[in-house]
Structures are given as C-alpha cells and as structure tokens.
Amino acid sequence: MEDCRTPSPSLKRRMQLQCHDSEGPYRLLHCSSMGDKLGVMEELEKGVDTNWGDYDKRTALHLASSEGCNEIVKLLLEKGADVNSLDRWGRTPLSDARSFGHQEISKILEAQGGIDPVGLDSQNPCYEIDFSEVPMDDPTLIGEGAYGEVYLVKWRGTEVAAKTIRSSIASNTKVKDTFMRELGLWQKLRHPNIVQFLGVLRHPDRLIFLTEYCCSGSLYDILRKKGRLDPQTAVAYALDIARGMNYLHQHTPRAIIHRDLTPRNVLQDASGHLKVTDFGLSKIAQEKDAEGYKMTGGTDRYMAPEVYRRESYGKSVDVFSFALIVHEMFQGGPSNKEQSPELVADKRAYEDLRPPLSSLIYPESIKALLRECWHKNPDCRPTFEEIIPKLEEIQESLKKKRAAAGCCWCVIL
Ligand SMILES: Nc1ncnc2c1ncn2[C@@H]1O[C@H](COP(=O)(O)OP(=O)(O)OP(=O)(O)O)[C@@H](O)[C@H]1O
C-alpha cells in the first residue's frame, strides 16, 4: 500500500459516510484515497468504471489527487481516468492537487492535459480599475449588507455601485482569494436580468468592487414601500428573476447556484426590470464542514429544507427560494414575520410547513406553480427553464382576463 498520508478530516468524514458500502464502487474511491494500489486494481478488474463519481461527482482521481497518492494517480490515468472530470464545484483533479500542494501530482496531471478551471491562475483574472479613477472621499451610502457598505459613486462619468468588503473579511487571504475567484466568474456573465459586474478596484489593503447601479433599490425595499403587488406586476417580476436564474443555472461548465436568493438580492433598474445579484458570494461566509461537502449558507427565511438540514443539494434550492419570493410579492411581505427566520426554516425543514395560499390573493395557476416550486422533494421541483413558459402562459391569461374584466381584479380573482 502506498504510504501517501494520514487521511485528512474531510476525507475521514467522507469515508465514514461512504465506506459502509465497501463492496460497491465506493471501494474504488476509498482505496484510491488511501493509496491502496492493490485494492484499486481489484476494483478496476471487477469492472468498476474508473470515472465513477460519488454524490458530489468526486472521482477516484479527485480523491487520489487531493490525498497525495502519486502511484494511484498514475495508475488511474493509465486505466483511462478522465484527467479533467469536474466535481460538483467545477473542480478538476488538478484543482485539488494544487490546493493541497501536491506538486508532483500537479505535474503528472498537467502532462496529461489537466486544467484547473477554478484556480487562481485561471485565465480570467478580475478586471482591475485604478483606485484613483473612483472618488471615494465622500461617497453616498446606499445600503449595508453582511459584507460591508454599498456606495453610489461615479466611474468614468457613469453612476455605479461600489461594494466595500469589511477589512475583517478581506484581510483573510483565503477568503479574499475565494472572493476574487467568485468575482472573476461574475465578470464573465452577461444577461439583462443579472446585475453587471464592472471590476475590482486596485488597492493593496481594501477590497472594493463596482457593479451596475440599480436606482430603484432591492425588491425588499419595493415590497416594504408598496406592499402587495398586483398580479400582473408580480408575474412580470417573477419572470425577470426566473430568466436571470435560468441563465445562472445553465452556465457551463458548471451551473451557478445562487444559494442566497432573497428579495434583498434582487434589484430594480431604471427601466423597472429586476436583476439578480450577489450569487456565489454567500458561500464565502457560510459555515462549512471540514471541506464543504455539506454546506449551509444563505438566509434562513428563504432556505430550502435540504440546505437547512445540511444535506447534499443542487440547483433546485434556488427554485425553493424563488417560490417564497413570488409568494411575498403577491402578499406584500413574508409570512410569519413575527417568528425568527430560523424557526420558520426549522418548521419548513422538519414539519413540512409552507406559507398559506389564500384563494383571495393567489390565482389558481400561481398556487399550483408555488406548490411545485417549494415541493419537499427537490427532484419534484421544476427547473427555471420549465418555470419560464409557465409564467409566460400565466402572464398571457392574466392579460386576457384583465382586458375582459376592464381592470377590476376582484371580479377576476
Ligand atoms: N448595485 C446596486 N444598486 C443599487 N443598490 C444596491 C446595489 N447593490 C446593493 N444595493 C443596496 O445596498 C443594500 C445592501 O446590499 P448588499 O448586497 O451589501 O447586502 P444585502 O444583499 O442587503 O444583504 P446581505 O449582505 O446579507 O446579502 C441592498 O439591500 C440594496 O438596497
């Protein structure tokens, strides 16, 4: 057996979860991570697929690369392992070898054409803006969030939002690197329903980045000011959010899961359209287990039950949050406001409680959609690609009913 290492805490946890299935394909993963060459060969001879991945799409090559098992890496590559297989976070075996400082393995993987799409040396460094280009002496404060303050500033003659990240967060090199990676990903995105990232200010100590300025503020502000929206507006807004989210979920090579879709992270631009913002950033401050296999993160009130229960999750967590936002738009605010977000999330996760759907407020078609979107089984929730045509249909029928009823909603509903 290759004496590659003592298993890391994250690996131990993964193996505790998986090795009960010692006869199944998990044994290939287990042996690969432990440097057990004989075991790996036995499993491959039995016909286990070299590229088999667990629930996080972690393959034997990912694990051997993380754990520094050189011989196993070579063996797996000889046996046809995909050098660039992507796990759930879009990481390749080379991403892992580099993160854990296994230089020899990194060289082996690079020689086989390995790439590291999420690494700091990815080909998409953040666009940098000279600090002197943005007057930050007396900026107008427009909001404050968990990471820091947001200011309205002028950059090259245009009003933009400057998001400052607290030095307590930005001074942590690891956190800052993660932030920069997420911003690097954000800068590649372009969609009418996604807030446009503009660049990061070049500064040795401070972390400030610029985004498009959305002059009407967040959906949270809108609902606080206006209360309940009329169905036509609520559906138009829902469509904006669904289109932006669909773009994120269809991103390749890996889908972008927002994880913190809330009314505060949906902004309105001057034309009245809604745009989604701050995706990916929630995972930076979130609690992780040893290596992030099961994560929490995001705001409890909008959190999908499986995230609250710290189970594995996928894109449909955003569909769950979306349903709660649509519900709020029809109602004018969250249900159970008087209860703590944690209690609300707890009841949703363990008692399967959902907000009420009064027929006086919600058209039948919206009720049906919301029930699907906040379904307890994540696999039963529709994708945003499926939600969009449903909402377009609802929008059409509302228009027709409105025309027929001469604008009187009480007759229609
Ligand atoms: N691009 C922007 N244009 C206009 N206003 C913005 C912009 N970005 C943020 N804001 C305003 O600043 C507030 C704070 O934003 P920020 O993203 O820092 O935190 P948040 O989303 O409210 O909360 P959290 O940090 O917990 O997610 C927002 O609620 C919004 O009102």
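What follows is a walk through a predicted model, from its confidence scores to its ligand shell and three helix pairs.

Two ground rules first. Residues are numbered from 1 along each chain as its sequence is written. Because this is a predicted model, local features need pLDDT of at least 70 and side-chain atom pairs count only at pLDDT 80 or more, while totals for chains, interfaces and linings use all residues.

So how far can you trust it? The mean pLDDT of the protein (pLDDT being the predictor's confidence in each residue, from 0 to 100) is 86, and 86% of its residues reach 70 or more. The stretch to be wary of is 285-297, where pLDDT is below 50; beyond near neighbours in sequence, that stretch has 26 contacts in the model, a contact being two residues whose C-beta atoms, placed from the backbone, lie within 7 Å. Where pLDDT is low, the predicted coordinates should not be read in detail. For the complex, the predictor gives an ipTM of 0.96 and a pTM of 0.71.

Now to the ligand. Around it sit 21 residues, and G143, G145, A146, A161 and R264 come nearest; a residue is near if its C-beta atom, placed from the backbone, lies within 6 Å of the molecule. The elements giving two or more residues to this shell are β2 (140-144), β4 (158-165) and β6 (207-212). Strands here are DSSP runs of E, at least two residues, and helices are runs of H or I, at least four, numbered from the N terminus. β2 supplies the largest share, three residues. By class, the shell has nine nonpolar, six polar and six charged residues (Ala, Val, Leu, Ile, Met, Phe, Trp, Tyr, Cys and Pro count as nonpolar, Asp, Glu, Lys and Arg as charged, and the others, Gly among them, as polar).

Next, the helix pairs, beginning at the N-terminal end of the numbering. The axes of α2 (residues 26-34) and α3 (residues 37-45) come within 8 Å and cross at roughly 155 degrees; axes are lines fitted to C-alpha atoms over the stretch in contact, with angles running from 0 to 180 degrees between N-to-C directions. That makes α2 roughly antiparallel to α3, a label for angles over 145 degrees. Their crossing is left-handed, meaning the near helix is turned anticlockwise from the far one by less than a right angle. R27, L28, C31 and S32 of α2 touch G39, V40 and E43 of α3, a mix of three nonpolar, two polar and two charged residues.

Helices α4 (residues 60-67) and α5 (residues 70-78) pack at about 155 degrees, their axes 8 Å apart, so α4 is roughly antiparallel to α5. This crossing is left-handed. A60, L61, A64 and S65 in α4 meet I72, V73 and L76 in α5, giving six nonpolar, one polar and no charged residues.

Finally, α14 (residues 316-331) and α16 (residues 364-373) have axes that come within 8 Å and cross at roughly 150 degrees, and are therefore roughly antiparallel. Their crossing is left-handed. V319, F320, F322, A323, V326, H327 and F330 of α14 contact I366, L370 and C373 of α16, with nine nonpolar, one polar and no charged residues in the contact.

Notes
Parallel < 35°, antiparallel > 145°, perpendicular 65-115°, else oblique.
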